[in-house]
Amino acid sequence: VWYGHASTLVEIEGKRVLFDPVWSKRPSPSRLVGPKRHHPVPVEIGELPQIDVIAISHDHYDHLDLATVRSLTRTQKAPFVVPLGIGAHLEGWGVPAYRIVELDWDEEVQLAGLRFVATAARHFSGRSLTRNDTLWGSWVVAGANKRVFYAGDSGYFSGYRGIGSAHGPFDLTLMPIGAYSPSWPDIHMNPEEAVNAHLDLGGSLLLPVHWATFTLALHPWAEPVERLWREAKARDVKIVVPRPGEAVDTAAAPAVDGWWETLG
């Protein structure tokens, strides 16, 4: 289930993993300033099913949200698995220390019967006036038979081939396709690069994230998914593009129907 932007719930072998949940109206330190949500959250946070693990990729406001973390701390019992340094944010916001697992790149942990590996990304971190005092990354989530890769935020880099060799192939990749610009190619992929990364990883099905919910770059709202759709067809890559809140079965993924074209 993709809830919008990067917030995604994946059920793998009966366990539910929630990636980068952001339920606030703005990914900002202010409730009044910053990009505003284009669509409502499709389900209230208190209506989420039981979550087994919450995985965070980095501490930017559109991936780590204070209000959402506090709500999940109250309403769920799941541990948070995070890159190095982010535990200090969570403890400061009231998350008990026993619910926080911090990992460096290439470290791993077993949680809820799943193997979580912190893997590399080409990005940066920071909140307010601080920069790069916490780690950023991507996540490999592996069950006994299924594997999922969540890219977080990243520019395209050769490391995807190594991640695929070490931990793939993947039944599903969650790849960011929006908020790109020629001015910052090192930190955000464009849609064509997301397809490249998916293939490097040995991905079977690609689900695009990091688009549609917040305006974080100058490209048109629907351009990322339209470019992705064209590139996927040209390279025979299987994609699924759910509406926010729509549950999809990756074993029987529905055909892309261009639902965003009706929204203007």
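Modeller: A residue counts as buried when its relative accessible area is under 20%. Keep in mind as we go that this is a predicted model.

Colleague: Happy to. What percentage of the residues of the protein count as buried?

Modeller: Of its 264 residues, 58% fall in the buried class. The accessible surface of the protein is about 11,500 Å², with 51% of that belonging to carbon and sulfur atoms.

Colleague: And how should I read the radius of gyration of the protein?

Modeller: Set it against what a compact globule with that number of residues would have. For 264 residues the expected radius is near 18 Å, and the protein has 17 Å, so the two agree. For the outer dimensions, the C-alpha atoms fill a box of roughly 50 × 45 × 35 Å along the principal axes.

Colleague: Which secondary structure elements does the protein have, and how many?

Modeller: There are 5 helices and 13 strands. To see how the chain comes together, look at sequence separation in the contacts: among those between residues at least 6 apart in sequence, 65% join residues at least 24 apart.

Colleague: Now the interior. How many cavities of 30 Å³ or more does the structure hold?

Modeller: Just 1 cavity reaches that cut-off. A cavity here is space where a 1.4 Å probe fits but cannot get out. The largest cavity has about 30 Å³ of space.

Colleague: Which residues line the largest cavity?

Modeller: Its lining is made of Tyr3, Gly4, Ser7, Val22, Trp23, Arg37 and Val41. By class, that lining divides into 4 nonpolar, 2 polar and 1 charged. Gly counts as polar here, which is worth remembering when you sort Gly4 in the lining.

Methods: Residues are numbered from 1 along each chain as its sequence is written. This is a predicted model: local features need pLDDT of at least 70, side-chain atom pairs count only at pLDDT 80 or more; totals for chains, interfaces and linings use all residues. Side-chain values use heavy atoms; hydrogens and water are left out. On a 1 Å grid over the protein atoms alone, a cavity is a set of points where a 1.4 Å probe fits but cannot get out, and a pocket is an open set with protein on both sides within 12 Å along at least five of seven lines; lining residues have an atom within 4 Å of a point. Grid points are joined across faces, edges and corners, and a volume is the space filled by probe spheres set on the points. Helices (H or I, at least four residues) and strands (E, at least two) are DSSP runs, numbered from the N terminus. The radius of gyration is taken over C-alpha atoms; the globule rule is 2.2 Å times the number of residues to the power 0.38. Buried means under 20% relative accessible area, exposed over 50%, partly exposed in between (1.4 Å probe, protein chains only). Contact means heavy atoms within 4.5 Å. Accessible areas come from the Shrake-Rupley method with a 1.4 Å probe; for residues, only the protein chains shown count as cover.
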